[in-house]
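Here is a short, friendly tour of one model. Have the viewer open as you read.

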Amino acid sequence: MTKPAQIGASILTSDLLNLGEEIRRAEAAGIDFLHLDIMDGMFVPNITFGPLMVETVRRATELPIDVHLMIEAPERYLDAFVDAGATTLTVHTEATGHLHSVLQTLKRRGVRAGVTVNPATPLVMLEDVLPIADQLLIMSVNPGFGGQTFIPGTLGKIERAREMIERLSPKCNLEVDGGLKATNIGKVRAAGADMFVVGSGVFNPDASVADSVARLREALAEADS
Ligand code: DX5
Ligand code: ZN
């Protein structure tokens, strides 16, 4: 059974100079969680922010904070991000040779443990750790930047991920991240996802956060009807 749909706002394309206001707008619009993209300039070409930003956002909201680690050897920083107040830490299998151990550490520290793969990496890489994961993230763009176009071939991967979850870890959430908009989120829901990370589809100069989130909710409701 697919779980209720949750929308997460990625702050990557928000107005960082006025982040507190952006978070309040997202809360007022009924966002379910915030998504923070941590990039180190090695695992991905871009550099964003670190534990200090997570700590800062933690002080600004009670929403769950979903931290997406796009950093090499994430085992070096797990404690720092947990201490900063992350609700969930998601780790790329390509970034560590010790994914199982990373997940064990996260469970021991009492946070939700997420796993993910880049678009080119097959799902089988996650099969053996899925039973101890709380969240499986399917990347629908190559990680590194906001505002990219959804890769259509991802839909089949989401369907296969849903089957894998039903088989190995039914409580696990299925999250999708990258290029989600009101125009394609319904298809992603129909493919079996239950957590939807939206960056430029929520924070953009063309529409208010409230209107953007309302359109996303309508598309999700239509997919469920
Ligand atoms: C991409 C990040 C995404 C990004 C999504 O590397 O992981 O979370 O912020 O932004 P949009 O929705 O604009 O693709
Ligand atoms: Zn992300």
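## The zinc site

Which arrangement do the six donor atoms around the zinc ion (ligand 2) make? Their angles run from 71 to 170°, which makes the arrangement octahedral (six donors count as octahedral if opposite donors are over 155 degrees apart and all others between 65 and 115). On the protein side, the donors are His35 (NE2), Asp37 (OD), His68 (ND1) and Asp177 (OD), at 2.0 to 2.3 Å from the ion. Donors here are N, O and S atoms within 2.8 Å of the metal (3.2 Å for Na, K and Ca), and water is not among the atoms, so sites may look incomplete.

Along the sequence, the spacing of these donor residues reads H-x1-D-x30-H-x108-D. Aspartate 37 in strand E2 (residues 33-39) and histidine 68 in strand E3 (residues 65-70) are 31 residues apart, a pair linking distant parts of the chain; strands are DSSP runs of at least two residues and helices (H or I) of at least four, numbered from the N terminus. Aspartate 37 is buried because its relative accessible area is 5%, and histidine 68 is buried at 0% (buried is under 20%, exposed over 50%, partly exposed in between; 1.4 Å probe, protein chains only).

## A loop residue

Alanine 73 sits in the loop between E3 and helix H3 (78-83). Its phi is near 45°, a positive value in a residue other than glycine. Most residues other than glycine have a negative phi. Alanine 73 is partly exposed, at 22% relative accessibility.

## About the model

This is a predicted model: local features need pLDDT of at least 70, side-chain atom pairs count only at pLDDT 80 or more, and totals for chains, interfaces and linings use all residues. Side-chain values use heavy atoms, leaving out hydrogens and water, while residues are numbered from 1 along each chain as its sequence is written, and chains are lettered from A and ligands numbered from 1 in the order in which they are written.

Key. Tetrahedral: all angles 85-135°; square planar, octahedral: opposite > 155°, others 65-115°.
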